[in-house]
Amino acid sequence: MPASERRPGRRGFLLGATALFAAPQAGAASDPFAASPYRRITEAEWQRRLSPTAFAILRKEDTERPGSSPLLHEKRKGTYHCLGCDLALFRSAWKYDSGTGWPSFHTALPGAFRFKTDWLIGVPRTEYHCAQCLGHHGHRFNDGPPPTGRRYCNNGFALRFRPA
């Protein structure tokens, strides 16, 4: 990322800089969540709303330790939502055990995420954020199971599970 686009923050930019994200869906011309009140929440308010772990993940793009999330072993039917804004992200039927130590899904709900390229480890990775509040959730890889061949490797502490 050019230095002119960087903003102060743990990883070199501020999450509120929506221009750094690709459209939520291929070909989407506008941002359906542009006017979301979750985009106007201050960093201080996010700190009050979230646990320190959730704040570090959702707002500072941190990563939980593998195996640390109770949702890793969640087996009930239901839906996984963004902990920051409650946007529905994944259905439980799309969850699988990737062996990585993080909750993994092969499919996401349409329009749930915005994507950008992350170079933090020196190689490009597809990072994804909640389309509504821009909270960081994880990385998407192309090594998942059918039917998509994708693996959404999600921080469990960034999710809320709602049983069916």
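In the predicted model, Leu120, Ile121 and Val123 make up a nonpolar surface patch of about 300 Å². Of these residues, Ile121 sits in the loop that runs between β5 (113-118) and β6 (125-130). Its relative accessibility is 56%, so Ile121 counts as exposed.

The strands on either side of this loop belong to an open sheet of 6 strands, arranged in the order β3-β4-β8-β7-β6-β5 with antiparallel pairing. The edges of the sheet are formed by β3 (95-96) and β5, each of which pairs on one side only. Within the sheet, strand β4 (residues 104-105) is joined to strand β8 (residues 151-154) by 2 bridges in the antiparallel sense. Ser104 is positioned opposite Cys153 of β8.

Aromatic contacts amount to 8 pairs in the structure. In one of them, the ring centres of Phe90 and Phe113 are 5.4 Å apart and the planes meet at 45 degrees, so the arrangement is tilted. Phe90 belongs to strand β2 (residues 88-91) and Phe113 to strand β5, so this pair ties together parts that are 23 residues apart in sequence. Phe90 is buried, at 0% relative accessibility, and Phe113 is buried with a relative accessible area of 2%. A further pair is formed by Tyr128 and Tyr152, whose ring centres lie 5.2 Å apart with planes at 75 degrees, so the geometry is edge-to-face. Here Tyr128 comes from strand β6 and Tyr152 from strand β8, so the parts tied together are 24 residues apart in sequence. Both Tyr128 and Tyr152 are buried. These four residues are also part of a cluster, linked by ring pairs, that includes Tyr80, Phe105 and Phe161.

The count of salt bridges is 12. One of them joins Arg49 to Glu45, with the closest N and O atoms 3.1 Å apart. Both residues lie in helix α1 (residues 43-49), where they are 4 residues apart, about one turn of the helix. Arg49 is partly exposed at 46% relative accessibility, as is Glu45, with a relative accessible area of 24%.

Other salt bridges link distant parts of the chain. Lys116 is bridged to Glu61, with a distance of 3.0 Å between the closest N and O atoms. Lys116 is located in strand β5 and Glu61 in the loop between α2 (52-60) and β1 (78-82), 55 residues apart. Lys116 counts as buried at 8% relative accessibility, and Glu61 is buried at 3% relative accessible area. A salt bridge also forms between the side chains of Arg160 and Asp86, at 3.7 Å from N to O. This pair connects strand β9 (residues 159-163), which holds Arg160, with the loop between β1 and β2, which holds Asp86, across 74 residues. Arg160 is partly exposed, with 30% relative accessible area, and Asp86 is partly exposed, also with 30%. In addition, salt bridges link Asp31, Arg39 and Arg114 in a network.

Across the whole structure, the search for disulfides returned 0. For Cys82, the nearest cysteine sulfur is that of Cys133, 3.6 Å away, and Cys82 is in no disulfide. Cys133 is likewise in no disulfide. A disulfide requires sulfur atoms within 2.5 Å, so the separation of 3.6 Å does not qualify. Cys82 is buried, with a relative accessible area of 0%, and Cys133 is buried, with a relative accessible area of 1%.

Notes. Residues numbered from 1 in each chain as written. Predicted model: local features only at pLDDT ≥ 70, side-chain atom pairs only at ≥ 80, totals over all residues. Heavy atoms only, no water. Buried < 20%, exposed > 50% of the residue type's maximum accessible area, 1.4 Å probe, protein only. Patch = residues over 30% accessible without salt bridge, like charges linked within 9 Å, V, L, I, M, F, W, Y side chains within 5 Å. Areas by Shrake-Rupley, 256 points an atom, 1.4 Å probe, with all protein chains shown as cover. Salt bridge = Lys/Arg side-chain N within 4 Å of Asp/Glu carboxyl O. Pairing = 2+ DSSP bridges. Phe/Tyr/Trp six-rings, centres within 6.5 Å; stacked < 30°, edge-to-face > 60°.
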